[in-house]
Amino acid sequence: MKDNNSIIHVILTGGVGSRLWPLSRKSQPKQYLEIFENKSLFEITVERNSHLADKVMVVGNVDNHHLSGKVMNKTKTNYLNIVEATPRNTAAAIAFAAFASNPDDILIVTPSDHIIDKMDDYNNAIQKAIAKANDGFIVTFGIIPTKPETGYGYIESKDDNVLSFREKPNETTAKEFIARGNFLWNSGMFCFKSGVLLDELKQFQPDVYEKSKAVWEASKEGFLDLDLSMQIPSISIDYAVMERSKKIKVVPASFSWSDLGSFESVYEYLVSKGHPVDVNGNMVIGCDSYTTFLGLKNTIFVHTDTANLILQKENSQDVKDIYSALERQNSELLN
């Protein structure tokens, strides 16, 4: 199945995890928090894909690449380090990885902050994607949904063909998607030959292509130039390529998946791993002191040294509003 091309695992580590504040901070974003059986999501991501790929690339930024380095040392993983001077969204991040590869190399692009179970199903999905990538397609992974989730984008599909990409829906629309039965959660994971992706990017977003290429060619040991980087339009790979290319295929994936993008999804994951909750579904995260809840249900108490958060589980998507308010105040509590 494999020719002389390499299979490269590309890990995107740029996110700040604003919906997991105050656990997730700029100095320690959620993918580096060792709260998942004493491992971080980043470390779990490296381990999950280690047997699938010949090489590893990490696309990070100046604020967090030292944290990635610690994990790569801990797992004894050789890798190519690409350090963005400033965030320019996923189209540029993925372009850098593609420019650093040979045109026939197959890239498996994953975020660094997802939880995946049912590894046989995962490995099976990856092998299907590699086969399609070898045929010249750009493959996205669509997760078979388990509920009408409003925190994810959706892929409308028929067999392995993508009919449309949909933004995060409201609850009514999410329920409609689930009822129709041909909508998948958009996982933000991709597989393609690097040359195919770059050809499509050049066709649909020549500005992103040219400016990312200039930045990559001027890079020094993987570190990218700030002034040149500022000229790259900030656009997601979905808008830049996935929604426009005729070469897109989807692998509907039955592995269990979560981007742990909210305290509700963290709550569900921790419960599945035996983390204690009281009889009314209340949970404490980050605190060993005796804590009791009176007259409350499904409440999460999040403790850190400098900030506490108390929230109803159902309101967990609103945490980003707190983060945004603190950002406007230039608050130290985000660092």
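This briefing covers helix packing, enclosed and open spaces, one buried serine and some backbone features. The model is predicted. Helix H10 recurs below: Val-266, one of its buried residues, also lines the largest cavity. H10 also gives the largest share of the lining of the second largest pocket.

**Helix H10**
- Helix H10 spans residues 263–272.
- Its buried residues are Phe-263, Ser-265, Val-266, Tyr-267, Tyr-269 and Leu-270.
- Several strands help to cover these buried residues, including E5 (115–117), E11 (256–258) and E12 (283–285).
- Strands E13 (299–303) and E14 (308–312) are also part of the cover.
- Helix H11 (319–328) is among the covering elements too.
- Gly-274 follows H10 and has a positive phi, near 90°.

**Second largest pocket**
- This pocket has a volume of about 640 Å³.
- Its lining is made up of 33 residues.
- Nearest the centre of the pocket lie Lys-147, Glu-149, Tyr-152, Trp-185 and Glu-268.
- E5, E11 and H10 are the elements that each give two or more residues to the lining.
- H10 supplies five residues, the largest share.
- By class, the lining divides into eleven nonpolar, twelve polar and ten charged residues.

**Largest cavity**
- Searching the whole structure turns up one cavity of 30 Å³ or more.
- The volume of the largest cavity is about 40 Å³.
- Its lining consists of Leu-20, Leu-23, Lys-30, Leu-33, Ile-35, Phe-36 and Val-266.
- Six of these lining residues are nonpolar, none is polar and one is charged.

**Helices H6 and H7**
- H6 covers residues 194–204, and H7 covers residues 206–217.
- Their axes come within 5 Å and cross at roughly 120°.
- H6 is therefore oblique to H7.
- On the H6 side, the contact is made by Leu-198, Leu-201, Lys-202, Gln-203 and Phe-204.
- On the H7 side, the partners are Pro-206, Val-208, Tyr-209 and Glu-210.
- The contact has six nonpolar, one polar and two charged residues.

**Ser-68**
- Ser-68 sits in helix H2, residues 65–74.
- Is Ser-68 buried or exposed? Its relative accessibility is 0%, so Ser-68 counts as buried.
- Leaving aside residues up to four places away in sequence, Ser-68 touches Thr-13, Tyr-32, Phe-42 and Val-58.

**Backbone features in loops**
- The peptide bond from Trp-21 to Pro-22 is cis, and its omega is near 10°.
- Pro-22 belongs to the loop between strand E1 (7–12) and helix H1 (41–49).
- Lys-118 is not a glycine, yet its phi is positive, near 60°.
- The loop between E5 and helix H4 (119–134) holds Lys-118.
- Asn-298, also not a glycine, has a positive phi of about 50°.
- Asn-298 is located in the loop between E12 and E13.
- With 27% relative accessibility, Asn-298 counts as partly exposed.

How values were computed. Residues are numbered from 1 along each chain as its sequence is written. This is a predicted model: local features need pLDDT of at least 70, side-chain atom pairs count only at pLDDT 80 or more; totals for chains, interfaces and linings use all residues. Side-chain values use heavy atoms; hydrogens and water are left out. Axes are lines fitted to C-alpha atoms, for helices over the stretch in contact, and angles run from 0 to 180 degrees between N-to-C directions. Helices (H or I, at least four residues) and strands (E, at least two) are DSSP runs, numbered from the N terminus. Angles under 35 degrees count as roughly parallel, over 145 as roughly antiparallel, 65 to 115 as roughly perpendicular and the rest as oblique. Contact means heavy atoms within 4.5 Å. Ala, Val, Leu, Ile, Met, Phe, Trp, Tyr, Cys and Pro count as nonpolar, Asp, Glu, Lys and Arg as charged, and the others, Gly among them, as polar. Buried means under 20% relative accessible area, exposed over 50%, partly exposed in between (1.4 Å probe, protein chains only). On a 1 Å grid over the protein atoms alone, a cavity is a set of points where a 1.4 Å probe fits but cannot get out, and a pocket is an open set with protein on both sides within 12 Å along at least five of seven lines; lining residues have an atom within 4 Å of a point. Grid points are joined across faces, edges and corners, and a volume is the space filled by probe spheres set on the points.
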